[in-house]
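Please read these notes with the model open beside you. They deal with one chain and with what it touches.

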Amino acid sequence: MSEASPILEVRDLAKSYGGVRAVDGVTFTAARGAITGLIGPNGAGKSTALNVIGGFLSPDGGRVIFDGEDVTGWPMHRLARRGLVRTFQLARVFGGLTTIENLLVAAPGHRGESAWGILAGKRYWGKQEEQLVLQAREMLRSFGMEAKADEFARNLSGGQKRAVETMRALMMRPKLLLLDEPMAGLSPSLSRQLEDLFLKLTGEGMSLLLVEHGLDTVERICGKVVVMAQGKVLSEGRMTELRTRKEVQDAYVIG
Amino acid sequence: MGAWEFYLVVILVYLGTDLLAAWGLNLEFGVSGVANLAFIVTIAAGAYAYVVFTLDTPAAGGSFQQYVGGFHQPFPIAVVAGALAGSIVGVLIGITGLKRLRQDYQAVAMLVVSLMAATVVSADTPFLNGNAGLVLLPQFTPFSDQDPETRRWLFVGIVAATCVIGYFVLRRFTTGPIGRTLRAMRDDELAASAIGKDIVAMRLAVQGVGGAFGGVSGALLVAFIAGWSPGAWAYIETLALLTAVIVGGMGNDRGVTIGTFLIAILVLQGVQFLPQSFNSLRLGLREDMGWILLGTLTIVFIWVRPQGILPERRPKYGGGP
Amino acid sequence: MQLLIEAIGFGIAAGAVIALGAVGFSVQFGMSNILNITYGSLMTLGAYVGLFLIDRGISPWAALAIAGVVVAVFSVGFHRWLLAPLVRRGTRAFAIVIVTVSAGVVLQYVIVIFAGPEAKSYGEQSAQTFHLGYLLMTASQVTIVLITTVLMLALHLLLTRTTIGRAMRATASNRILAQSCGINTDRISDIAWFLSGTLCGAAGVALAITTVSFDFSLGAVFLIPMIAAAVLGGIGQPYGAMLGALVVGTASELAAAYSNPAYREVVAFAILIIMLLVRPRGLFGTAWATRRLMT
């Protein structure tokens, strides 16, 4: 697996934010089919880096290469279509849509959304829609939420909304999923369930890049870990090694 | 044609054109979340396009009106021109509204655009005859070989047919996968972008389609009343439509239909039936009361029942438990 | 050259009136995060209350003060019993603005019903004019400029030297933080809306004084230059609004003097649209204020 080219390559990424160089020449790679962690003390620039990679912010400098293609500066929707999908720290569901619709709307390349599909009507996209509904119901079942399928998403609880956000990202069949603190606020058992899910997904070929504060989680599931501090990459390697390196320990103490 | 019969014709034509306009606004605002308070400009564009395509050249009319165009086209072509004009203006308005502003700021910007358009058209006389507006001479309705009574009812038929077709086209956009996607864009533009939807393209497309609805509405209306001036499309006219959408039920086509019926008929025509004494007090008093009623209705509904009379429906999908 | 200086003179006079309105509008946004479009009709109300008083022999300047108070009371009530509850309930900003637009329409037509749609006038103003080089201004214009300057100074002193003023600035800046410091933010809001309402009513009367005749559309028409001034200066920033008002006033008069008088309005529109599309936070808006504007 390490012979294959990396799914993501970030070179000299730079982003300034209100006068501060939040991301200051960041370079690292994320391996294909693996879970890469991005850690560091508060204010290190991890979330900003993730936002730039995900297309939410445009970089001031540097390059982002995804699956062999230079996608620097691409807008979010274009990246999402290519397979680079991000989830949000605060779950953003479509409140006026039902739960199952939240999943259906994420399915890429629906024929019913093309100009011809709109005019031609159900005859044209009906079959595809049926299959998507089956797929969506299956996913709801695996997350234990099939009972809420027809509930307006705005009425869901916080945890349920997080689940919907994750399911929605998965419906897109991403190649690389960017996650910003996915375990935040979750109980230990739910955390473990999510960890198992992530491992299962990478087993199926998906790649993950996550920003995470819970170092135990990071140790358990991440292959390579990149440590950032003050906008730069401080160190990288496996979590067990990193724990022993002095500069990493210092960064977390000083912050 | 008796006075009551004529009145019925007038109501039906107004209702039909208002429906087309309300459906367009609902598509833009209720379904897709585009706060287009300059919608009236697309209606005006359709009306002016119709007039300019129907009239003969200015010189042929004795130069008593100044305007661009004058293509002397038959009714169907002029209506299509109206639809296209509404569509193009809709997209142009959409381009001005593209910056990611907070919705209320954007609403005000749109109102200003609407006001500005009226001011520019009023001031620039060679364009569309300025403040005086344009008049169709002779009054041009289709089927001109029939007697006036039959002609009027045939026109009602045309409006009705256009509404049926319009509703059919509308449903194509407000239901199914695209309806879902538009609502997602309305609920959370950022999240919609994150799942691969091209927000800019969708907004402009929606304003193009909504604008076409507005354009056809304006074209049909002007074909009937045979005159159009900046006074007919003051910025507050969008508010009447907006009231219909809010009262009826935002995002719900049937709701908006009911809302339009309520506003166009019960309110705007209802005030005409206030005792004659009102009008002898002062001309136009009844219209003023109409506006007061509309404004109050909007506020009351936002306060008590913002989802409207018929709230958005919850779609069901097959294969459930 | 004479034309230029005259136009600048008119611009200062116009700017003074616009400033009265723009500053009030800006304060309301800064305090409550609401674009209060009803402001236009409230100015109209001020103008008509002024008319009522002037017709009964009260001096225009006393009428200005009284009308200011009347509109202030309306403004506080409007915010306290209609807008604030809606905001508390989580009503979206767009719906709030629709409420203010609708309320503006209702108020405007209620005024029409009571006062009639025909044009009104405050009658002959003193024809006395003042010359300063090429500068030419009427007595009314000079008085308005003086009144506006005094009011702006008073506002500045209030905001910077008094406890209430500091509380107002704190509440506008961060409501929750202000509450945790023990500030009664609801009462401060009421005070802010009362004061800005006074400016609103005063602006209405000032407008009526400076125009030959007016009707119920007075407020609606002049709201545009005022919002333009407020946005130009950075919405929520009263000092920016003052500067913005001068710019808008002078630019409008210059345009009217050098080309078509009809372009007076168009200048204000253009400034507003360009600001909204290019730089919504205005000249002096802070990034913090802008975050409230962008989604």
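**Notes on chain B**

1. The domain assignment divides chain B into domain 1 (3-234) and domain 2 (236-313). These bounds come from an automatic or database domain assignment. The model is a predicted one, in which local features need pLDDT of at least 70 and side-chain atom pairs count only at pLDDT 80 or more, while totals for chains, interfaces and linings use all residues. Residues are numbered from 1 along each chain as its sequence is written, and chains are lettered from A and ligands numbered from 1 in the order in which they are written.

2. The C-alpha centres of domain 1 and domain 2 of chain B are 20 Å apart. Where the two domains of chain B meet, 22 residues of domain 1 are in contact with 17 residues of domain 2; a contact means that the C-beta atoms of two residues, placed from the backbone, lie within 7 Å. On the domain 1 side, the elements of chain B giving two or more residues are α1 (3-31), α2 (39-54) and α6 (148-174). The largest share there is that of α1(B), with 13 residues. By class, this side of domain 1 of chain B has 16 nonpolar, four polar and two charged residues. Ala, Val, Leu, Ile, Met, Phe, Trp, Tyr, Cys and Pro count as nonpolar, Asp, Glu, Lys and Arg as charged, and the others, Gly among them, as polar.

3. Chain B as a whole has 13 helices and two strands. Both are DSSP runs numbered from the N terminus: helices are H or I with at least four residues, and strands are E with at least two. Of the 321 residues in chain B, 54% are buried, that is, 20 or more other C-beta atoms lie within 10 Å of the residue's own, with C-beta atoms placed from the backbone.

4. Which elements of chain B each supply at least two residues of the side that touches chain A? They are α6, α7 (176-187) and α8 (189-194) of chain B. The contact takes 30 residues from chain B and 35 from chain A. α7(B) gives the most to the chain B side, nine residues. That side of chain B divides into 12 nonpolar, seven polar and 11 charged residues.

5. Chain B also touches chain C, with 35 residues from chain B and 36 from chain C. Here α4 (103-123), α10 (237-248) and α13 (285-304) of chain B each supply at least two residues of the chain B side. α4(B) gives the most, with 12 residues. The chain B side that touches chain C has 21 nonpolar, seven polar and seven charged residues.

Conventions. Buried ≥ 20, exposed ≤ 12 C-beta atoms within 10 Å, placed from the backbone.
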